[in-house]
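Student: I would like a close look at a single part of this model, with its surroundings described in one connected account. Please keep to what the model itself shows.

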Amino acid sequence: MSSRSDPAPGHAAGASPRRTRAGVLPGFGASMGYTLLYLSLLVLIPLVALLCKSAGLGWAEFWNIVTAPRVVASYRITFGASLLAAAINLVFGAIVAWVLVRYPFPGRRLVDALVDLPFALPTAVAGIALTTLYARNGWVGEFLQTWLGIKVAYTPIGIVIALIFIGLPFVVRTVQPVLEDIEGELEEAAASLGARRWQTLRRVLLPMLLPALLTGFALAFARGVGEYGSVIFIAGNMPMVSEITPLLIVTKLEEFDYAGASAIAVVLLLLSFILLLCINLLQHWQARRGGRPA
Amino acid sequence: MKRPAHLTEPRWVRGALLFLALGFLGLFLLLPLITVFAEASSKGWALYRDAIADPDAWAAIRLTLWVAALALPLNLAFGVAAAWVITRFRFRGKQFLITLIDLPFSVSPVVVGLAFVLLFGSQGWFGGWLENHGWKIIFAVPGVLLATLFVTFPFVARELIPLMQSQGSEEEVAALTLGAGGWQILRRITLPNIKWGLLYGAILSNARAMGEFGAVSVVSGRVRGETDTMTLHVEILYNEYQFAAAFAVASLLALLALVTLAAKNLIEWRDARARTRHDSLSQSASGNVTLAAAASSPGRVYS
């Protein structure tokens with residue numbers, strides 16, 4: 001966050017020292033207090049409880065739980081499916097953003113609005129809809145089964161399908177504004193210097209879009225790793241084959257194995273933090289690359 | 001809008017890309033949406049009505065509305081307070097505060113539910129004490145509210161921070177020098193300036209509140225007719241092979257999603273129009289306008 005719009009220190013001349021540091025406007029104490037109270041109650045204390053619970057296990061026990069074969073298999077399925085879904089979303093999300101920004105076609109506003117559907121549709125609803133659609137007697141599932149011999153629902157492929165649905169808007173909505181901001185002059189210049197269209201795309205546009213593309217990819221991936229609602233319906237949830245890590249946490253919880261559930265949750269949490277850090281770095285990069293005053 | 005030939009792709013490439021994009025969206029977004037309504041109506045109107053008029057379904061709908069109605073004002077107050085602190089003052093740890101606000105977007109909802117169980121469950125830190133005083137949080141309505149608050153609190157703040165950042169504090173400082181007090185500034189200057197951002201954040205957070213599943217399913221205990229929200233009710237019906245009834249309740253949630261999308265687009269459309277008007281009114285201020293657009297885009301990413 002820049003300090004650009006903070007009140008300049010000069011404003012505060014004559015105010016008390018504390019105010020000089022913070023700013024001139026009133027309400028710092030009250031709003032900071034409410035913000036911190038809210039964040040502590042909802043975020044900090046619960047997460048500390050989680051860490052404490054798993055720390056109570058001791059290192060050896062913790063390691064045993066988080067590297068048990070069934071748990072490791074669930075990481076492989078969760079991360080594998082999230083990566084694959086994010087990669088597919090990267091390609092198709094970029095195409096969708098490109099088409100929405102560059103090609104006028106009838107009904108574009110409606111299609112543009114539709115892209116946000118996964119943000120608005122409850123994940124459980126998406127889950128049962130996708131399962132019905134891709135089950136053996138569903139509209140798409142029947143086609144895939146008879147013509148290609150592919151079974152989607154109740155297999156790992158189903159997980160990928162659900163995560164594609166969940167992650168798509170992240171890529172589109174990250175790339176779209178950057179694409180809208182790109183000035184026509186750059187492409188004009190490239191073309192006048194003799195670049196073919198494909199060269200312009202690869203050498204001029206792609207490097208400009210790269211940070212946004214990667215941010216969208218990372219956001220879709222992060223969302224996919226934590227996703228629960230839409231996946232559990234379509235996955236079939238077979239241990240070692242199609243059981244995702246969040247479901248394993250719920251399973252342990254239902255067996256009243258609170259410590260085991262916490263240990264796995266800490267692993268997921270750690271990954272979330274790492275991804276959050278990557279996303280922040282990517283957004284800084286994008287702000288610099290875009291030449292915007294960050 | 002039409003680009004010259006050397007600045008766009010050959011006709012067949014454009015056609016192919018358009019086909020790919022629309023085909024992909026049709027397959028992954030439109031078909032599931034149609035499925036919800038088709039399945040809901042597959043067994044006829046009578047069964048649809050019965051599924052929704054069922055007492056358990058009614059209880060679920062009421063609980064969902066109640067939780068959403070309680071979460072909204074709390075989240076609005078948090079959003080304004082957090083955005084006020086972050087955009088109007090300098091202090092150490094601001095970046096950390098912003099990261100904390102972003103956290104619910106990347107933490108798995110299941111992990112959130114688990115954390116609340118560890119705190120307030122009967123084995124948890126405060127669980128025993130609360131139980132002795134007759135308070136039940138986990139497997140009860142307060143737990144559902146807490147889980148909903150966690151997953152929804154960033155939406156309003158995330159919308160307001162870039163908006164208030166780009167507006168700057170000149171108007172509020174001016175009001176202060178003219179003798180206005182804190183509440184007066186908030187009511188007369190800040191709130192009117194951010195009303196559309198506030199509405200936008202409220203709509204997004206409300207949609208998420210009514211649709212949350214993972215976190216709520218861990219803490220609710222799924223007591224039918226008591227701690228069962230609409231999404232949980234959909235799951236129960238689906239797992240009992242009452243598909244048409246499950247989709248009937250799901251269709252209400254899908255309708256809510258469509259209303260949310262429509263409202264969101266209406267606000268964006270109004271916003272864009274106001275911006276262009278502002279742009280043509282003051283050509284000299286156009287620099288600020290692009291800046292505002294740039295500042296608001298990272299927030300939209302998360303919406």
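Into which domains is chain B divided?

Tutor: This is a predicted model. Chain B is divided into domain 1, residues 1-40, and domain 2, residues 44-302. Taken over C-alpha atoms, the centres of domain 1 of chain B and domain 2 of chain B are separated by 31 Å. Contact between these two domains involves five residues of domain 1 of chain B and eight residues of domain 2 of chain B. On the domain 1 side, the residues that touch domain 2 of chain B divide into four nonpolar, no polar and one charged.

Chain B also meets chain A: 90 residues of chain B are in contact with 88 residues of chain A. Within the side of chain B that touches chain A, helix α1 of chain B, residues 11-40, gives the most, with 17 residues. By class, that side of chain B has 60 nonpolar, 19 polar and eleven charged residues.

Chain A, the partner, is likewise assigned two parts, domain 1 covering 1-55 and domain 2 covering 59-289. The C-alpha centres of domain 1 of chain A and domain 2 of chain A lie 34 Å apart. Here four residues of domain 1 of chain A are in contact with seven residues of domain 2 of chain A. The side of domain 1 of chain A that touches domain 2 of chain A has two nonpolar residues, one polar and one charged.

Methods: Residues numbered from 1 in each chain as written. Chains lettered and ligands numbered in written order. Predicted model: local features only at pLDDT ≥ 70, side-chain atom pairs only at ≥ 80, totals over all residues. Helix = DSSP H or I, 4+ residues; strand = E, 2+ residues; numbered from the N terminus. Nonpolar A, V, L, I, M, F, W, Y, C, P; charged D, E, K, R; others polar. Domains from an automatic or database assignment.
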